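Reader: Hi! Could you walk me through this one? I'd like to go feature by feature.

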Amino acid sequence: MVNKLLKIGLFLILSLVIIGAFIYAPLAKGLGEFTRVLYFHVPMAWITVVAFFIGAVYSILYLKKKEHKYDLYAETANQLGFLFVVLATVTGSIWAKMSWGSFWNWDPRETSIFILMLVYAAYFALRSAVEQADRRASLAAVYDIIAFVTVPFFVFIVPRIYASLHPDPLINTQGKIHMSPKMQLVFFTSLFSYTMVFVWMLIMRIKMIKLKLKLKEMEQ
Amino acid sequence: MESLNQKQGLLQTGTNAYLIFKKDLLQEFKTRYALNAIFLFALVTLFAVSFAIGTFNASSDILSALLWIILFFASMSGLSHIFVREEEAHTADTLKLVAKPTEIFLGKLIFNIVLLFMVELLVVPLYVAIMNFTIYHILLLAAALLFGTFGLAGGGTIVAAIIAKSNARGALFTVLAFPILLPVLVTGISVTKNAATEKLFSNPVSELQSLFAFAIVIITAGILLFDFIWNE
């Protein structure tokens, strides 16, 4: 019952976010209508980092406890992260087309997100190349952790060194948010509700993995 | 007393790592497999590039990018050999018995670093001469190559350890190593561009710092994680 209410609540909030992003929120000074994609682009980028972080945590847990389920959780978190990194890239690319004039021009931010996708594509390639389950699990976990420690270089350091046209990300050096209160309201509601969608997806997939493992146990 | 033990432990690790490095070096000079692979790859690409572009046609931007691409892919062709060899000759188990994982990793890392330095010592002057590449700040280029080599060797060694345990050894190495080592490539190209301009167009210190930090991070992660791969 509570579950159902939560789902309905999430649906309502997300609808409000979409309406709010297009109608309620005022435009930033001197910027066009296209900046409204902000309310979708930033949450996607944020969830990407969260998902890959969760994947790395499960990978560490696997290496510590050597339980098969943690490997599957890590895989599923990374798969969801990959989904959101694609969404962040697509929304960002649309934004780039409108404000910089082309869908892709190798801005440092675009380069770094492209490399991020390559890293996790390589992670899935590694998984498919090892057949024994426990060996695959440890190799993938190690690669995942290595990948995750190099992510800060792509996301934070490389764009800092090279001049980028990208506005300061959410986590900027001054720790300030340049938005009017109305924009902030829509923005943070959007951030929260999309994160909840991600959490919901993750919980569902973890439940599925648990059921699969139980089924395997019963078969044996 | 405890600190004395720690000191002795560190010394032991260092000595054993050096012994493994020496063993690999001797083994390498028997066959010269990795050295030949990397060096010939670099040479062939260098001449292909030189032949295709000609001597005076390329700008320093393109030349610095090509230099790093040659070095990068040349190192990709040989760095994995260090662990693949142990698995293929079935000597990995014996190695497990005689040394700790950290010592093995450090020994192999030093070997790969030395290997890359040897190749760079031959290839970079040759490239500069053949491509008519004017370097104004030689020290800057040397620093970029130094830190870049640490990063490349660090990432290459840990990924080599991973792929030696997998089924598709050859194809997987570049796929796994390329995205992780791209910061080295991107930053290295940028520093080299800077070194090839008479007046520095950006502050090279932050770029060198980033190269150095990357090397430290990837080598530390390698040392910490090698245990889990090696004992798999």
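Reader: Let's begin with charges. Which side chain meets B:E87 in a salt bridge?

Author: Happy to help, and please keep in mind that this is a predicted model. The partner of B:E87 is B:K165, with an N to O distance of 3.2 Å.

Reader: Where do B:E87 and B:K165 lie in chain B?

Author: B:E87 sits in helix α4 of chain B, while B:K165 belongs to the loop between α7 (138–164) and α8 (169–195), so this salt bridge ties together parts that are 78 residues apart in sequence.

Reader: And are B:E87 and B:K165 buried or exposed?

Author: Both B:E87 and B:K165 are buried.

Reader: Which residues do salt bridges with shared partners join into one network?

Author: That network is made of B:K23, B:D24, B:E28, B:R85, B:E86 and B:K108. One of its links pairs the side chains of B:E28 and B:R85, at 3.8 Å from N to O. B:E28 comes from helix α1 (residues 2–31) of chain B and B:R85 from helix α4 (residues 81–88), so here the pair connects parts 57 residues apart in sequence. B:E28 and B:R85 are buried as well.

Reader: How many salt bridges does the whole structure have?

Author: The search finds 11 over all chains. Chain A contributes the pair A:R127 and A:D71, whose side chains meet at 2.9 Å, N to O. A:R127 is in helix α4 of chain A and A:D71 in helix α3, so to speak two distant parts of the chain, 56 residues apart. A:R127 and A:D71 are both buried.

Reader: Switching topic: what does chain A look like overall, in helices and strands?

Author: Chain A has 6 helices and 0 strands. Read from the N terminus, the order of elements is α-α-α-α-α-α. Of its 220 residues, 45% are buried.

Reader: And what share of the chain A contacts join residues at least 24 apart?

Author: The share is 73%, counted among contacts between residues at least 6 apart in sequence.

Reader: How much area does chain A expose?

Author: About 11,900 Å², and carbon and sulfur atoms supply 71% of that.

Reader: Which residues of chain A form a nonpolar patch on the surface?

Author: The patch consists of A:V86, A:V90, A:I94, A:M98, A:F103, A:W104, A:W106 and A:F114, and together they have about 740 Å² of accessible area. Helix α3 (residues 68–100) of chain A provides the largest share, 4 residues.

Reader: Where is A:F103, then?

Author: A:F103 is in the loop between α3 and α4 (108–129) of chain A. Its relative accessible area is 45%, which means that A:F103 counts as partly exposed.

Reader: What about A:Y73, buried or exposed?

Author: A:Y73 counts as buried because its relative accessibility is 4%, and the cut-off for buried is under 20%. This tyrosine is found in helix α3 of chain A. Leaving aside residues up to four places away in sequence, A:Y73 touches A:Y58, A:I206, A:I209 and A:K210. Its C-alpha atom is 23 Å from that of A:I115, a residue 42 places along the chain.

Reader: Back to chain B. How does the span of helix α2 (residues 33–53) agree with 1.5 Å a residue?

Author: The 21 residues of α2 in chain B should span 30 Å, and the end C-alpha atoms are 30 Å apart, which agrees.

Reader: Which residues of α2(B) are buried?

Author: They are B:A34, B:L35, B:I38, B:A42, B:L46, B:V49 and B:S50. Looking down the axis of α2(B), these buried residues fall within an arc of 110°, so they line one face of the helix. B:V44, B:F51 and B:A52 are exposed on the other side.

Reader: Why would spaced residues end up on one face of a helix?

Author: An α-helix has 3.6 residues a turn, so residues three or four places apart point the same way.

Reader: Nice. What comes just after α2(B)?

Author: There B:G54 takes a positive phi of about 90°.

Reader: Last one: which residues does B:T13 touch?

Author: B:T13 touches B:E103 and B:L106, not counting residues up to four places away in sequence. B:T13 is part of helix α1 of chain B, and at 18% relative accessibility this threonine counts as buried.

How values were computed. Residues are numbered from 1 along each chain as its sequence is written. Chains are lettered from A and ligands numbered from 1 in the order in which they are written. This is a predicted model: local features need pLDDT of at least 70, side-chain atom pairs count only at pLDDT 80 or more; totals for chains, interfaces and linings use all residues. Side-chain values use heavy atoms; hydrogens and water are left out. Patches are made of residues with over 30% relative accessible area and no salt bridge: like charges are joined within 9 Å, nonpolar side chains (Val, Leu, Ile, Met, Phe, Trp, Tyr) within 5 Å. Accessible areas come from the Shrake-Rupley method with a 1.4 Å probe; for residues, only the protein chains shown count as cover. A salt bridge is a side-chain nitrogen of Lys or Arg within 4 Å of a carboxyl oxygen of Asp or Glu. Buried means under 20% relative accessible area, exposed over 50%, partly exposed in between (1.4 Å probe, protein chains only). The expected span of a helix is 1.5 Å times one less than its number of residues. The arc is that of the directions from the helix axis to the C-beta atoms. Contact means heavy atoms within 4.5 Å.
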